[in-house]
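Student: Got a minute to go through this one with me? I'd like to start with small details and work outwards.

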Amino acid sequence: MGTLREFVVDVLESEGAAVEPVEPDGLDVLAPEALREAMDWPELVRLGFGVEQPAGAVPIGLEGDWLDRFGALLGERGRFAERQIVLPDAVASPGDPERWLDRTLDLPNAVWRLQGVKPAWTRCLLLAFRYTAISDERREGLIWLGFNCGTGAVMNDEMLGRLRRLLADDMQWQAPDPEAQSADGALWDVAALSNRAQPLLNHHVRRDLEPFLRAVRRRLDRDCARVHEYHDDLRRGALSKLAALQSAPGDKAESGRKRETMRVAAIEREYAVKLDDLRNNYAMQVSVDWVQALVLFAPVHRYEVQIKRRKGQRIVTMDWHQSVRMMEPPLCDWGLGLERARLVCDEQLHLTDSEGQAPCTSCGKAWCRACHDTGCPRCKSSASAGNTHGMRD
Ligand SMILES: [Zn+2]
Ligand SMILES: [Zn+2]
C-alpha cells in the first residue's frame with residue numbers, strides 16, 4: 001500500500017471511519033457524520049490514490065489541499081509522543097570497547113581512559129522542524145534533530161537517519177514501561193533545549209537551503225545584468241547625442257542639450273527603480289516551525305570515560321545504542337559539535353569545538369567559551385566571544 005494511502009487509513013480510522021481497501025489503489029470509506037462534514041463527503045465515499053483509479057473514486061494526491069485537510073483533522077494530536085524502542089533481544093556490548101571509543105573520541109589536547117561499561121536505558125529527544133523559504137520560488141523541508149538527554153550528546157546525521165528508519169519500519173509502537181521510564185536523563189527545560197537546538201537548526205536550515213539560495217542568487221544576477229545592459233545602452237545613446245550637441249551654438253542645440261540631460265537622469269531613475277523591484281522580487285523570507293517531538297526510551301551500553309588534562313580530570317558518559325549498533329558522538333559543551341575533535345579546557349575540562357578554545361581577537365590569550373560566555377576573562381573584550389554557539393547546560 002502506498003504511504004499516502006496508509007496515512008489516510010490511519011487518520012480516517014482514528015476519526016471513527018470504517019475503511020476497506022479496493023483495487024487498484026483505492027479505499028472505500030464509511031464516514032461518521034463529523035468526518036463527512038469536515039471533508040464534505042457523502043456517508044459512503046470511494047477514494048483513489050494511484051494513476052489508475054477505481055471506478056467512481058475521488059482522486060487523492062499530494063497536490064491540491066488534501067494534505068492540509070487531513071492535517072486539519074489531526075489538529076494538535078501527534079505533536080508530542082513517548083515511545084520505547086523494542087528490540088527482539090538485548091544486544092551485547094561490542095567487544096573491544098576501547099577500539100569503538102578510539103574511533104569516536106578525538107581529543108588532541110587530553111587523554112582518556114575507559115572506566116566501565118554497563119547496560120542502561122536512556123531518554124532521547126527527537127525534534128522535527130519544518131522550514132519554508134519564499135523568494136521568487138518556494139522551498140519547504142523538514143529538519144530532524146536528536147539529543148541524548150542522558151549523556152548530553154547530539155546525534156549525528158547517520159545515527160539519526162538509522163534511528164528514524166528503524167522507527168518507521170515495522171517496529172511495534174510501545175509506550176515506555178516502568179523500567180525504561182527509570183531511564184537516565186531528565187528532559188531538558190525549554191531554555192536549555194532552545195540553547196542547544198537553535199544554533200543546530202540554523203546550521204541545518206542553511207545547509208539545506210544552500211543550493212536554493214545559489215539558484216536564486218544566479219537568477220538575480222542574471223536579471224540585474226539584463227536590466228543593466230538595457231539601461232546602459234539607453235544611457236550611452238543619450239550621452240553620445242549630448243556630446244554631439246555639446247559645442248553646437250543656438251537655441252535649438254541648447255534645448256536639445258536640456259532634453260538629453262533630462263533623458264539621462266530619467267534613465268538613471270528608472271534603472272534604480274528596476275533594481276529595487278528585482279530586490280523585492282528576490283528577497284528571501286525563511287520561517288522555521290516546530291512540528292513534532294518524540295521522547296524515545298532507548299537501550300544502550302553506557303561507557304564511563306575519564307578525561308584527563310594537565311592536573312584536572314572529569315568523567316563523561318557516552319552511549320553505544322543497541323538499536324542502531326552505533327556509538328554516539330561525544331558531548332560538546334560549546335559549539336555545534338559537528339567536527340569529530342573536541343578540545344578540552346584547563347579550568348573545568350569542558351569539551352568544545354576548536355573555536356571554543358580559540359585565542360582572544362583583542363589580547364591573543366586563548367580562553368574557554370564554555371567557562372566564560374560573556375567575553376575574554378583577561379581583557380573583558382566581549383567582541384571576541386565570537387559566535388553565539390553557546391551550548392551549556
Ligand atoms: Zn582578551
Ligand atoms: Zn571551560
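**From one hairpin to the whole chain**

Tutor: Sure, and keep in mind that this is a predicted model. Let's begin with a bridge: Glu-20 has Asp-28, in S2, as its bridge partner.

Student: What about Val-19, which residue in S2 is its bridge partner?

Tutor: That's Val-29. Both bridges fit the wider pattern, with S1 and S2 (residues 26-30) pairing in the antiparallel sense over five bridges.

Student: And how many residues sit between the strands of that hairpin?

Tutor: Three residues. Asp-25 takes a positive phi there, near 55 degrees. Pro-24 also lies in the loop between S1 and S2, and the peptide bond joining Glu-23 to Pro-24 is cis, with omega at about -5 degrees.

Student: OK, so what sheet do these strands belong to?

Tutor: An open sheet of four strands, in the order S1-S2-S3-S4, with mixed pairing. S1 (18-22) and S4 (58-59) are at the edges with a single partner strand each, so each has one side without a neighbour in the sheet.

Student: How many of the five residues of S1 are buried?

Tutor: Zero, so to speak of cover, S1 has hardly any by the cut-off of 20 or more other C-beta atoms within 10 Å.

Student: Where does helix H1 lie?

Tutor: H1 (residues 3-14) lies across S1, S2 and S3 (44-48). Its direction is at about 5 degrees to that of S2.

Student: How far does H1 reach from its first C-alpha to its last?

Tutor: It reaches 17 Å over twelve residues, close to the 16 Å expected at 1.5 Å a residue. Just after H1 comes Gly-16, with a positive phi of about 90 degrees.

Student: Ser-14 is in H1, right? Is Ser-14 buried or exposed?

Tutor: Yes, Ser-14 has its place in H1. Ser-14 is exposed, because it has 12 other C-beta atoms within 10 Å, and 12 or fewer counts as exposed. Its C-alpha is 9.6 Å from that of Leu-73, and those two residues are 59 apart along the chain.

Student: Let's switch. What does S6 pair with?

Tutor: One partner is S9 (residues 285-309): S6 (residues 111-134) pairs with S9 in the antiparallel sense over 23 bridges. Within that pairing, Lys-118 stands opposite Arg-302 in S9. S6 also pairs with S7 (residues 138-148), again in the antiparallel sense, over eleven bridges.

Student: Which residue in S7 does Phe-129 stand opposite?

Tutor: Ile-143. S6 and S7 form a hairpin, with three residues between them.

Student: What's going on after S9? I spotted an arginine with an odd phi.

Tutor: That would be Arg-310, in the loop between S9 and S10 (312-321). Its phi is near 50 degrees, a positive value in a residue other than glycine.

Student: Why does Arg-310 count as exposed?

Tutor: Because it has 10 C-beta neighbours inside 10 Å, and the cut-off for exposed is 12 or fewer.

Student: And Arg-325?

Tutor: Arg-325 also has a positive phi near 50 degrees. You'll find Arg-325 in the loop between S10 and S11 (326-327), and it is exposed, with 10 other C-beta atoms within 10 Å.

Student: Time to zoom out. How is the chain divided into domains?

Tutor: The domain assignment gives domain 1 (3-77), domain 2 (82-205 + 287-327), domain 3 (209-284) and domain 4 (333-393). Between the C-alpha centres of domain 3 and domain 4 there are 50 Å.

Student: How many helices and strands does the chain have?

Tutor: Eight helices and 13 strands.

Student: How does its radius of gyration stand against a compact globule?

Tutor: The chain has 31 Å, whereas a compact globule of 393 residues would be near 21 Å. Along its principal axes, the C-alpha trace spans about 100 × 75 × 30 Å.

Student: What share of the residues is buried?

Tutor: Buried residues come to 24% of the 393 in the chain. As for contacts with a separation of 6 or more, 58% of them are between residues 24 or more positions apart.

Student: Great, that's what I was after. Thanks!

Conventions. Residues numbered from 1 in each chain as written. Chains lettered and ligands numbered in written order. Predicted model: local features only at pLDDT ≥ 70, side-chain atom pairs only at ≥ 80, totals over all residues. Pairing = 2+ DSSP bridges. Helix = DSSP H or I, 4+ residues; strand = E, 2+ residues; numbered from the N terminus. Contact = placed C-beta atoms within 7 Å. Axes fitted to C-alpha atoms, helices over the stretch in contact; angles between N-to-C directions. Expected span 1.5 Å × (residues − 1). Domains from an automatic or database assignment. Rg over C-alpha atoms; globule rule 2.2 N^0.38 Å.
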